[in-house]
Amino acid sequence: MPWCDDCSKFWNAPSLADGGACPGCGRILVAPRTRVPWHFKLMLAALAIYMVYRIYWLAEWLPKHI
Ligand SMILES: [Zn+2]
């Protein structure tokens, strides 16, 4: 729970103003959530494509080896 020194009050996260600011005095209490970097999304997409490829490969390979 974010604490505001200026207001001497605990705020719960949903009641904070935009950007994690205190609704009473506007002081930033919670650092705004950092945006997901594009290369992280790219890595997830590549991982998803790789997994599809591996599943496809397994589906091709498995019937020939049992
Ligand atoms: Zn405050």
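Me: What makes a residue count as buried, and what share of the 66 residues in the protein chain is buried?
Reply: Buried residues make up 5% of the 66. A residue is buried if 20 or more other C-beta atoms lie within 10 Å of its own, exposed if 12 or fewer, and partly exposed in between, with C-beta atoms placed from the backbone. By the way, this is a predicted model, where local features need pLDDT of at least 70, side-chain atom pairs count only at pLDDT 80 or more, and totals for chains, interfaces and linings use all residues. Residues are numbered from 1 along each chain as its sequence is written.

Me: Why is Ala 17 called partly exposed?
Reply: Ala 17 has 14 other C-beta atoms within 10 Å, so it falls in between the two cut-offs and is partly exposed.

Me: What makes the place of Ala 17 a loop?
Reply: Ala 17 sits between β2 (9–10) and α1 (38–61). Helices (H or I, at least four residues) and strands (E, at least two) are DSSP runs, numbered from the N terminus. From that end, the order is β-β-α.

Me: How do you know what radius of gyration a compact globule of 66 residues would have, and what does the protein chain have?
Reply: The rule is 2.2 Å times the number of residues to the power 0.38, and the radius is taken over C-alpha atoms. That puts a compact globule near 11 Å, but the protein chain has 24 Å. Its C-alpha atoms fill a box of roughly 70 × 25 × 15 Å along the principal axes.

Me: Where do the domain bounds come from, and how many Å separate the centres?
Reply: They come from an automatic or database domain assignment, which gives domain 1 (1–33) and domain 2 (35–66). Their centres, taken over C-alpha atoms, are 42 Å apart.
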